[in-house]
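Here's a quick briefing to read with the structure open beside you. Take a moment to turn the model around first, then work through the topics below.

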Amino acid sequence: MGFQTVKFYQTGTFTVGNRLLAPDERSVQADENRSNSINSGHRACQGCGEALGARYAIDAAMAESNGQLIAANATGCLEVFSTPYPESSWQLPWIHSLFGNAPAVATGIAAAMKVKGRHEVRVVAQGGDGGTTDIGFGCLSGMFERNDDVLYICYDNEAYMNTGVQRSSATPPAARTATTMPVGSEPGNVFGQGKNVPEIAMAHNIPYVATATVADLRDLEYKVRKAMRLHGARYIQIFVPCPLGWGTASHDTIRMARLAKETGMFPVFEAEHGEVTGVVKIRHKVAIEEYLKPQKRFAHLFGKHAHPETIARLQAIADRNIRKYGLLDEGGNQDV
Amino acid sequence: MSKPFAITLKPGTSLANLTGTWRSERPVYLDRLPPCNNACPAGENIQGWLFHAESGDYEQAWRVLTESNPMPAVMGRVCYHPCENSCNRAQLDSAVGINSVERFLGDEAIKLGWKFAAPATTSGKKVLVVGAGPSGLSAAYHLARLGHQVEIQEAGPLSGGMMRFGIPKYRLPREVLDAEVQRILDLGVTLKLNTKVARIEQSMKEGNFDAAFLAVGAHIGKRTFIPAGDATKIVDAVSVLRSMEGEDKPMLGRRVVIYGGGNTAIDVARTAKRLGATEAIIVYRRTRDKMPAHDFEVEEALQEGVMIKWLSTIKQAGEGEITVEKMQLDDKGYPQPTGEYETLAADSVVLALGQDVDLSLLEGVPGLELKDGTVQVSSNMMTGHPGIFAGGDMVPSERTVTVAIGHGKKAARNIDAWLRGTVHQAEAKHELAEFQNLNTWYYSDAHQTVRPMLDIIRRQTSFDEVQGGLDETNALFEARRCLSCGNCFECDNCYGVCPDNAVIKLGPGKRFEFKYDYCKGCGLCVAECPCGAIKMVAEET
C-alpha cells in the first residue's frame, strides 16, 4: 500500500501542510525547521522543477537519516546551478565528480562508510535524466546489480537542459528539442525509442523502485522515507518539469507535473523486488491535449499544421500506461 | 589561511547570490473578500468564523460570528442565506452549508450558556431604541457592547417583532428566540414592553436620551378592495400570524384562501394547514418564477399539501365561495385579465399583500423625509433629523430579518460615532475572491450535508420545527468544506512549493513572509495557493 491520503480535512493531505492534521501526519516540507538541503541563492531558472524536487527529496532523506546523509551528484543542471565554484547551495556533505559516474562515486562512499563502521551514515546519488538514463547508465546498472547501499534519485525533466535542451533517452516522442528536428515539417522526437529506466531498474530486482512527481509532495516524501528505511540499491525517478526546456510558464511547473500524472503520461507507482506494489490513481482524468498544449515543445502538434494523429499516438501511450498500471479506479475516482 | 591542495578560494554559500534581482513581478500576500461575506446583509465575517469552526473551536467561531450578529440560532433558521447562493464551492460541488453551521453554533451557545463579554468602557450616553424586533435588538446589542446605555421601548407585549409575530413556530421555535433575546438583555439593555412611543421627540426628552434608533417595523397589513358579502371572512396575514401567539387561535375555517405571493402568504398557508384546514389555497396573480416567495419555501408548502392557483386574482367574495379571474402575462410580464372566471370554495380569505409602516410616532419631527410610506435615511442610517436614526422594515430596503440585523449593526456604529462627534468610517472592502482565483485541485470532493426534515404528517399537523439541525460531526464536516476564499488558512503550500526557499513560515496563526532577496518571481506560490491569498504585482522599474 502506498501513501494513505487523508481525504477530508478541508484540503486533507493534498496541500503541503494542514493546521488541522496531527503533527505526526504532517509533511517534512511543512516543518519550519526542515533542513532546506538546497538553499536560496541557487541559479536555477524561475520555477525550476528540479530545484524543487531536489529539496523535497533530500529534505525527506535528511529527516529520515537524522541528518547523517552524503550526496553524490552527477553533472547536470542540478550540479551547475547549485554549485558554481566556490559557492554552493547544498547544506549537507556533497560531492560532484563526473557526468557519468555518480552511482559509482556513491557506491565508493557507501563502501568507505561501511569499512569505517559508520553505519548511521546513509548515501544518496542524484542526477538528471541525461546523467542517469544515458551517460551514467552503465554505472547505475552496476550499482543495481551489486545491490550497493545507495538510494539513487533521478530528476527527470526529459532532456539535457543545462547544455541547451538536447534529447535524452527520457525525452518523450514528438517533443521538440535542439537535436530532435527543431525545424521542418515533422519536428519532434521519434516514436518507439528511449528508455524506461524505472522498469529497467525493476528488472534488476532491487529492493525498491518508485516514481513520483513534484505535484504530489506527500507521495514523494513517503517514497523517499520508505526508501531510506531500506538497505541495498534503491531507485526513485522524480518527474520535474522544466519551464525553459519545455516552453512552459514558470508558474505552471507543478500544474504540468500534475497533468502528466492525471493524463497517464507519467505513471506514479512503487515496486519492491521487481514487482509493482502500489500505484497512485488518477484523480480527475484529463485528455492528453490539456497536458501538451501549454508546452511549446509540443506546439507543432497544434495550430494551422496540426498533427492530430501524433496527438492520438501520445494519447495511446497514456492509455497504455493507465491500462498497464491500473491507474483508474473502476466506476470512477471519488475523493470521499 | 592555508588552503587544501589545488584550492584557491574559500568555500562560500549561495546566499551571497541575491537572486531577487532577477524578478520583474513580485508575489504579495493579500486578503480577498470572500463572496459569502460580500453577500451577507448582516455583514458577517463568515469565512472568519468558519475558520475557527474548522478546528473545532466552536466558542471562538461563535464569538467571531456574534461580532456582527447577536442571534445566530435565529439566523441559522430564518435567514435566506444569500451567502450560500454566492458561495464559490457551488461551482465545485455544492455550496457550503453556512446557514446550518451558523445554527449549530447558535444552538451550542444556548446549550452551553455562552455569554457576551461585557463592554470594556461606558460612555455615559443614553440611546433609545424603539421596537424590539431584529433591527432594534441588533442595534441595542451593538450599542451596549460599545459602552452605551440602551433602553428598548416596545409597543407589543413580547420582544422579537416579526421574528415572533410574523415567523411561524415551525420555522423558529420560541425558546430559541427567547434565549437569544435574553442574552442581549443580559448585557444590561433595558426592555420596556407594552410601551408605545407616541411622539419620538417627547420620549427622548423625557428619558434624557442622546440619540434614538427607530425600528418599529412594518406590521400593518395592506388591504385591497374586494367586493364581498357580509358573510365572508376577510382578514389580513399579519393579524393571523400575530394571533397565533395569543390564547385564541385564528378561526379560518376548513377552506382557506390566501391572496398574495410572498413569504408571508406561504407562512399563512402552512399555518392554516397546521390549524386543520383541509384546503389551503394560495391565489397569486403571476407565475411561480415571478413569485417573490423563496422557492424552497414554496416547495415545502407544496409538500405539505398547500395548493397554489397561479395567474389568478380574486374578483369577488361571497358566502362560502370566491370568484377568481384568470390572468395571462403580457409581453412585459405583467398579468392582464382574461375575462375567464371560476369559483372556489372558501370559508375565509387572508390578504397577504405586503405591509405598511406605522409612522405616527414621527409626526411633527422636523427634517424628516418620508417617501412611499417609509423613512428616508442617509448612508449612515440617520434620518433627516440629527440624532434620530432608523432601520429595518421602516426604511427602504429588502424586508428580511438578516437585513434588519445588518441595519442594527450599521446604525449602532454610526450612532456611536455621532455620539462621539466623529464620523464612522467603514473599512475599505478588499477585492473580491472569485472562483478563478482559487486552485481547487487541493480541495477534496465533498457534497453539502443535508439537514434532516420533519416527517410530512407531523409537518401537516403540528407546529414542531420542520428543519432539523446538524450534530457536532457533520457540522465540523460542513465547516471544513469552506474553501477559505481569498484568506490564508496556513496550508503551507507557498512555503512548500517555492523552489528558492524564499518563503518564511512565521508559525501558527502568523502566516508567511517572502524573502524578496531570493524570490525570483516565478509565481508558483500564486498558482498553487488553493485559496487565492497571493497575487503577483509588477516590480517598479
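In what order do the 5 strands of the open sheet in chain B line up? The order is 5-4-3-6-19, and the pairing is parallel. Keep in mind that you're looking at a predicted model. We'll start with that sheet, then look at a loop residue, the domains and the place where chains A and B touch.

**The sheet in chain B**

- Let's begin at the edges: strand 5 (190-192) and strand 19 (388-390) of chain B each have a single partner strand, so one side of each is left without a neighbour in the sheet.
- Neighbouring strands of this sheet don't line up perfectly; on average they are turned by 20° against each other, direction ignored.
- There's also a helix packed on the sheet: helix 14 (residues 401-419) of chain B touches strand 3, strand 6 and strand 19 of chain B. The direction of helix 14 makes about 165° with that of strand 6 of chain B.

**Zooming in on strand 3**

- Is strand 3 of chain B largely enclosed or open? It's largely enclosed by the rest of the structure, because 4 of its 5 residues (residues 126-130) are buried.
- On one side, 5 bridges tie strand 3 of chain B to strand 4 (residues 149-153) of chain B, and the two run parallel.
- Strand 3 also pairs with strand 6 (residues 211-214) of chain B, again running parallel, this time through 4 bridges.
- B:Val130 is a handy residue to click on: its bridge partner in strand 4 of chain B is B:Gln153, while in strand 6 of chain B it stands opposite B:Leu214.
- Another spot to check is B:Val127, which stands opposite B:Ala211 in strand 6 of chain B.
- Follow the chain from strand 3 of chain B over helix 7 (residues 134-145) of chain B to strand 4 of chain B, and you've traced a right-handed β-α-β unit.

**A loop residue: B:Val365**

- You'll find B:Val365 in the loop between strand 16 (355-356) and strand 17 (370-371) of chain B.
- Why does B:Val365 count as partly exposed? It has 17 C-beta neighbours inside 10 Å, and a residue needs 20 or more to be buried, or 12 or fewer to be exposed.
- Leaving out residues up to four places away in sequence, B:Val365 touches B:Ile200, B:Glu201, B:His385 and B:Ile388.
- B:Val365 and B:His385 are 20 residues apart in sequence, and their C-alpha atoms are 7.4 Å apart in space.

**Domains of chain B**

- The domain assignment splits chain B into domain 1 (14-31 + 488-538), domain 2 (126-220 + 356-419) and domain 3 (221-355).
- From the C-alpha centre of domain 1 of chain B to that of domain 2 of chain B is 48 Å.

**Where the two chains meet**

- At the interface, 43 residues of chain A are in contact with 45 residues of chain B.
- On chain A's side, helix 1 (49-64), strand 2 (87-88) and helix 9 (253-263) each supply at least two residues. Helix 9 of chain A gives the most, with 4 residues.
- What's that side of chain A made of? It divides into 14 nonpolar, 20 polar and 9 charged residues.
- The chains even share strand pairing: strand 2 of chain A and strand 1 (residues 12-13) of chain B pair in the parallel sense over 2 bridges. There, A:Ser88 has B:Thr13 as its bridge partner.

Conventions: Residues numbered from 1 in each chain as written. Chains lettered and ligands numbered in written order. Predicted model: local features only at pLDDT ≥ 70, side-chain atom pairs only at ≥ 80, totals over all residues. Pairing = 2+ DSSP bridges. Right-handed = clockwise from strand over helix to strand, strands pointing away. Domains from an automatic or database assignment. Contact = placed C-beta atoms within 7 Å. Nonpolar A, V, L, I, M, F, W, Y, C, P; charged D, E, K, R; others polar. Axes fitted to C-alpha atoms, helices over the stretch in contact; angles between N-to-C directions.
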